Amino acid sequence: MSQQPLYDKIHELKSYNSLSKHEQLVQGIINAIDAEIIQKDDKLPSINQMVAELGFARKTIVKAYEELKDRGIVESKKLKGYFVVSEETQQVLKVALILYAFHMFQEDFYNTFRERLGPNIQLDVFFHHNNPEIFETILGNIDKKYGMYVVAPIQSKLIQDRLKQIAPEKLLIVDRYLSLGERYSFITQEFENTTFDSLEQLKPELQQFEEVVLFYRSDADYPKGILKGFERFAEAHNFKARVVPRYDEGALEKGKAYIFISDTSLFRFLKDVQQNKFVLGKDVGIIAHNDSPVKEIIAGGITTISADFKQMATLAANAVNNRTPIQEVLSSTLIQRNSL
């Protein structure tokens, strides 16, 4: 295919003094796509060909192609060159959102994030399920294909090193903190002090129960800070406390307060409460992490310790839209309801 019609579209913009050379190239390629001169899957001229035809510096061509890649309009294929992959030329950015799983609270994050991003940004969502191999596969498949990566990370050195391969201006860490260096952005939760302080506030309610039980799996994506905050509280006030990995059906005991991180375990527990005709807040107590509309209404209301995921999503969307760095740790809120 002759590239001359594409070159003509770029040359047409040389008389516009308001456009830089890299902007002329970006807009010229967009105009060529809109005019159907080049279409999806067509190969663009190589950087050397563009330099020879336009007389622009090599770094100018690279900058233009990188911007088109960030928008999701162009992709580079190793040893093959640059190709048009989208004809949505009004698209200003292509964003990858990598989350743990589609829990209810992460659904709140996703919906708010999607809404706040606006219509001209492509958003693709992926789930790693706290599995390093899945995480690595996702990153391998989407490497250099997105202009922005918004990631809820796994707490591991391997993942830490892998994420450092992404340019700081293209990466935003959300939900769980992972130290990547002072140039990287994050909007994350703090777990240890939040858990300790919330249990301190609930101390009068917890004292009516003979034991406090935390369901915590060390092999799951549970934040270590929750466990540390719980242990600090129990030791500080000499509470009878116990940590067990999961709630097994039928293990409900009267006179105890239970703390849940997993919604699956929580709902299994509530089923046993109903079958035993126990009264929440009197016969047994419940505290859950990560608030949701369901926890507000189920069983008369569940007491929760939770970050505001809509606020987190709004801050994340603003950072992406404005391309501004951010480093913020969000405090969680104790929401007291009838379960304790």
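Helices and strands here are DSSP runs, with at least four residues for a helix and at least two for a strand. By that count, this predicted model holds 13 helices and 14 strands. The radius of gyration is 26 Å, well over the 20 Å that the globule rule gives for 340 residues, so the protein is more spread out than a compact globule. Its C-alpha atoms fill a box of roughly 80 × 35 × 35 Å along the principal axes.

Now look at the packing. Buried residues account for 51% of the 340. Take the contacts between residues at least 6 apart in sequence: 63% of them join residues at least 24 apart. The accessible surface is about 16700 Å², and carbon and sulfur atoms supply 46% of that.

Next come the charges. The protein has 42 positive and 46 negative ones, and their mean positions lie 4 Å apart. Side chains of opposite charge can pair when their charged atoms come close. The whole structure has 17 salt bridges.

Start with a pair inside one helix. D161 and K157 form a salt bridge, with their closest N and O atoms 2.8 Å apart. Both sit in helix α7 (residues 157-163), four residues apart, or about one turn. D161 is partly exposed at 34%, while K157 is exposed at 54%.

Another bridge spans two helices. R232 and E192 meet at 3.2 Å, N to O. R232 belongs to helix α10 and E192 to helix α8, so the pair ties together parts 40 residues apart in sequence. R232 is partly exposed, and E192 is partly exposed as well.

Finally, salt bridges link E211, R242, E253 and K256 in a network.

Conventions:
Residues numbered from 1 in each chain as written. Predicted model: local features only at pLDDT ≥ 70, side-chain atom pairs only at ≥ 80, totals over all residues. Heavy atoms only, no water. Rg over C-alpha atoms; globule rule 2.2 N^0.38 Å. Buried < 20%, exposed > 50% of the residue type's maximum accessible area, 1.4 Å probe, protein only. Contact = heavy atoms within 4.5 Å. Areas by Shrake-Rupley, 256 points an atom, 1.4 Å probe, with all protein chains shown as cover. Lys, Arg positive; Asp, Glu negative; His and termini not counted. Charge placed at Lys NZ, Arg CZ, Asp CG, Glu CD. Salt bridge = Lys/Arg side-chain N within 4 Å of Asp/Glu carboxyl O.
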